[in-house]
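Visitor: I have a model open in my viewer and would enjoy a guided walk through it. Could we begin with the charged pairs and then move on to the packing?

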Amino acid sequence: MKKFFLLSIAAALISFAASAQNYMVVNTETIFRSLPAFNQANETLDRLGQQFQQQVDDAFAEVEEMFNQYVAQRQFLTEAARNARENAILEREAEILEWQESVFGPEGEMMRRRVEMMTPIMERVFGVVSAYAERNGYVLVIDLANNPTVIYYAPSADKTAEIIKLLE
């Protein structure tokens with residue numbers, strides 16, 4: 001009886017250890033880059049970011065021009081006129097910085113657009129990865145793109161190519 005009990009526990013431990021090693025590895029960066037929709041969204045966001053950055057650069061060039069004109073005319077201005085021009089320059093610079101934050105900040109227009117464009121793609125990829133893992137009995141999925149501390153993995157555990165095929 002004692003042997004049967006010990007044998008049962010040993011079998012359970014071996015079974016648990018075997019199932020704990022049932023994992024797969026994917027590289028989501030490779031998966032995303034294989035999707036035309038992801039690449040198009042990235043290109044669109046890059047173009048939009050460049051347009052916004054050009055507007056910011058133009059606005060700051062305007063402030064620089066205002067400042068240069070002020071410096072050139074400063075000696076001819078009254079104290080009140082100097083103060084008014086300095087305040088105008090500072091106010092314009094503050095407006096630009098506020099607008100820049102509303103575009104490029106963590107809750108800005110660019111982030112809203114990125115979330116809007118990328119969320120459906122990410123949900124699709126993660127859904128396919130989850131379904132694949134569930135269907136094939138994997139209990140753990142490791143993403144190589146986001147986990148640079150992975151030192152070694154068996155190439156047979158990398159299912160990136162299979163996920164890409166499922167997404168096509």
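Visitor: Which residue's side chain meets that of Glu109 in a salt bridge of 2.8 Å, N to O?

Guide: Happy to start there, and please keep in mind that this is a predicted model. A salt bridge here needs a side-chain nitrogen of Lys or Arg within 4 Å of a carboxyl oxygen of Asp or Glu. The two residues are four apart in helix α5, so about one helical turn separates them. The partner of Glu109 at 2.8 Å, N to O, is Arg113.

Visitor: What is the N to O distance in the salt bridge between Glu109 and Arg112?

Guide: Glu109 and Arg112 both sit in helix α5, residues 109-135, three residues apart, which means that about one helical turn lies between them. Their side chains meet in a salt bridge, and the N to O distance is 3.1 Å.

Visitor: Is Glu109 buried, partly exposed or exposed?

Guide: The class follows from the cut-offs: buried is under 20% relative accessible area and exposed is over 50%, with partly exposed in between. Arg112, at 47%, is partly exposed, and Arg113, at 30%, is partly exposed too. Glu109 has a relative accessibility of 22%, so the class is partly exposed.

Visitor: Which helices are linked by the salt bridge between Glu62 and Arg92?

Guide: The side chains of these two residues meet at 3.0 Å, N to O. The pair links distant parts of the chain, 30 residues apart. Glu62 belongs to residues 36-73 and Arg92 to residues 79-104, and those helices are α3 and α4.

Visitor: Which residue is linked with Glu62 and Arg92 in a network of salt bridges?

Guide: Opposite charges on side chains can pair when the charged atoms come close. Glu62 is partly exposed at 37% relative accessible area, and Arg92 is partly exposed at 23%. The residue that joins these two in the network is Glu95.

Visitor: How many salt bridges does a search of the whole structure find?

Guide: We have met Glu109 with Arg112, Glu109 with Arg113, and Glu62 with Arg92. These are among the salt bridges found in the whole structure, and the count is five.

Visitor: Now for the packing: are α3 and α5 roughly parallel or antiparallel?

Guide: The axes of α3 and α5 come within 10 Å and cross at roughly 175°. Angles over 145 degrees count as roughly antiparallel. Therefore α3 and α5 are roughly antiparallel.

Visitor: By class, how many nonpolar residues are in the contact of α3 with α5?

Guide: The α3 side includes Phe38, Leu45, Leu48 and Phe52, while the α5 side includes Met110, Met117 and Ile121. Three polar and three charged residues also belong to the contact. The number of nonpolar residues is 10.

Visitor: Is Asn42 of helix α3 buried or exposed?

Guide: Asn42 is one of the residues by which α3 contacts α5. Leaving aside neighbours within four places in sequence, Asn42 is in contact with Arg33, Arg114 and Met118. The relative accessible area of Asn42 is 16%, and the cut-off is under 20%, so Asn42 is buried.

Visitor: How far apart are the C-alpha atoms of Met110 and Leu48?

Guide: Met110 lies in helix α5 and is buried, with a relative accessible area of 11%. Beyond neighbours within four places in sequence, its contacts are Leu45, Leu48, Gly49, Phe52, Val103 and Phe104. Met110 and Leu48 are 62 residues apart along the chain, and the separation of their C-alpha atoms is 8.0 Å.

Visitor: What is the relative accessibility of Tyr70?

Guide: Tyr70 lies in helix α3, and not counting residues up to four places away, Tyr70 touches Leu77, Arg82, Arg85, Glu86 and Ile89. The C-alpha atoms of Tyr70 and Glu86, 16 residues apart along the chain, are separated by 7.9 Å. Tyr70 counts as buried, with a relative accessibility of 4%.

Visitor: Stepping back, what pattern does the protein follow along the sequence?

Guide: There are six helices and two strands. Of the 168 residues, 25% count as buried. Among contacts between residues at least 6 apart in sequence, 78% join residues at least 24 apart. Read along the sequence, the pattern is α-β-α-α-α-α-β-α.

Key
Residues numbered from 1 in each chain as written. Predicted model: local features only at pLDDT ≥ 70, side-chain atom pairs only at ≥ 80, totals over all residues. Heavy atoms only, no water. Buried < 20%, exposed > 50% of the residue type's maximum accessible area, 1.4 Å probe, protein only. Contact = heavy atoms within 4.5 Å. Axes fitted to C-alpha atoms, helices over the stretch in contact; angles between N-to-C directions. Parallel < 35°, antiparallel > 145°, perpendicular 65-115°, else oblique. Nonpolar A, V, L, I, M, F, W, Y, C, P; charged D, E, K, R; others polar.
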